[in-house]
Amino acid sequence: MTQDEFDSIFDEAYLEMYAPRHDPEQTEAEALGAVSVAEVEPGTAVLDCPCGFGRHSVVLARAGFTVTGADRSQVLLDEARRQAGDLELELVQADYRELPFEEASFDAVLNLFTALGYVGREGDKQALGEFRRVLKPGGRLVVETMQRDRLARIFEPRTWDRLPSGFVLEERSFDQAEGTVRGSFIYIRSSGERLEYPYTIQCYTATELVEMAREAGFSKVECYGGWEKEELTLDARLVLVAS
Ligand SMILES: C[S@@+](CC[C@H](N)C(=O)[O-])C[C@H]1O[C@@H](n2cnc3c(N)ncnc32)[C@H](O)[C@@H]1O
């Protein structure tokens, strides 16, 4: 059920609600930070999964990496193609629980901007197992995500944002025992049209994600609080590096 909810969000609506909110400089810092903690150089093969509308993939292709972007949403992949223009960038529609790539295809796999939590714990473990399978020996997975301990501190039941195309209001509740956020995006276009997208997302503690990565076959798992390998604190987004 959760995946269906997200499929309807990661569509034209996501492009309207999220694309204008991303700062290109920050996106570039995230993409370059991720390959830096993965310790890969231009020329190596990087899988950006899920790549969404390709904002990190495009930066990395431009920087000389051999990039494959994979995502479930064809609408977002089409936008990634448009943004990539003439850049060499392979874009593949795929579910990360079953990736259509050979074993040992990539030097690094990037999973950025809270891109787990949609398919339940078993589904996420399956995805982590797939990331492990397609990584070359010694290759690294980088997961960058909201961690539950931070969310518990900063949780807000209601927020709103003004966009060029209207307003996005978000209402949410947090189940402390389950670690789930149940919420709704309410998107009010400037025309007055009102769209509502309910969702449920699982938010993991660093401890849970480390355990899941180990269960998925990674032997070395480290957690940081930023791209410079800062110490992980309760105030930081989680950067997990697994090999
Ligand atoms: C929060 S967005 C992040 C996208 C991208 N990493 C970024 O930073 O812009 C999450 C993405 O996950 C994709 N997604 C959701 N479930 C998926 C699945 N089961 N397999 C592959 N991609 C999925 C969505 O289509 C969406 O593009």
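How many bridges join E6 to strand E7? The points below start there and work outwards through this predicted model.

1. **E6 and E7.** The count is 6 bridges, joining E6 to strand E7 (residues 166-175). These two strands run antiparallel. A hairpin of 2 residues makes the connection from E6 to E7. One of the pairings to inspect is Leu163, whose bridge partner in E7 is Gly166.

2. **The sheet as a whole.** E6 and E7 belong to an open sheet of 4 strands. The order is E6-E7-E8-E9, and the pairing is antiparallel. Strand E6 (158-163) and strand E9 (194-202) are at the edges. Each has a single partner strand, so one side of each is left without a neighbour in the sheet. On average, neighbouring strands here are turned by 15° against each other, direction ignored.

3. **E8 and E9.** Strand E8 (residues 180-189) is joined to E9 by 9 bridges. Again the strands run antiparallel. For a specific register check, take Ile186: its bridge partner in E9 is Glu196.

4. **Helix H1 over the sheet.** Helix H1 covers residues 2-9 and lies across E8 and E9. Its direction is at about 135° to that of E9.

5. **Domain division.** The domain assignment splits the protein chain in two. Domain 1 takes 3-147 + 204-242, and domain 2 takes 150-200. Their C-alpha centres lie 23 Å apart.

6. **Domain interface, by area.** The size of an interface is often given as the accessible area lost when the parts come together. Here domain 1 and domain 2 bury about 1600 Å² between them. Carbon and sulfur atoms carry 59% of that area. On the domain 1 side, Glu16, Met17 and Arg21 lose the most area to domain 2. Together they make up 32% of what that side buries. By contact, 17 residues of domain 1 meet 16 residues of domain 2.

7. **Domain interface, by polar terms.** There are 3 salt bridges between domain 1 and domain 2. The rule also finds 8 residue pairs in polar contact across this interface, with both residues at pLDDT 80 or more. As for the elements involved, H1 and helix H2 (12-18) each supply at least two residues of the side of domain 1 that touches domain 2.

8. **Arg153 and Asp235.** Arg153 forms a salt bridge with Asp235. The closest N and O atoms of this pair are 3.1 Å apart.

9. **Salt bridges overall.** Side chains of opposite charge can pair when their charged atoms come close. Over the whole structure, the search finds 24 salt bridges. Among them is the one between the side chains of Asp7 and Arg72, at 2.5 Å from N to O. This pair links distant parts of the chain, 65 residues apart. Asp7 sits in helix H1, while Arg72 is in the loop between strand E2 (66-71) and helix H5 (74-84).

10. **Backbone outliers to look at.** Most residues other than glycine have a negative phi, and most peptide bonds are trans. Which residues does a cis peptide bond join? They are Cys49 and Pro50, with omega about 0°. Pro50 falls in the loop between strand E1 (45-48) and helix H4 (55-62). Glu39 is not a glycine, yet has a positive phi of about 60°. The position of Glu39 is the loop between helix H3 (24-37) and E1.

Note on methods. Residues numbered from 1 in each chain as written. Predicted model: local features only at pLDDT ≥ 70, side-chain atom pairs only at ≥ 80, totals over all residues. Heavy atoms only, no water. Pairing = 2+ DSSP bridges. Axes fitted to C-alpha atoms, helices over the stretch in contact; angles between N-to-C directions. Contact = heavy atoms within 4.5 Å. Domains from an automatic or database assignment. Buried area = accessible area lost by both parts, 1.4 Å probe. Salt bridge = Lys/Arg side-chain N within 4 Å of Asp/Glu carboxyl O. Polar contact = N/O pair within 3.5 Å; in protein donor to acceptor, adjacent residues only side chain to side chain.
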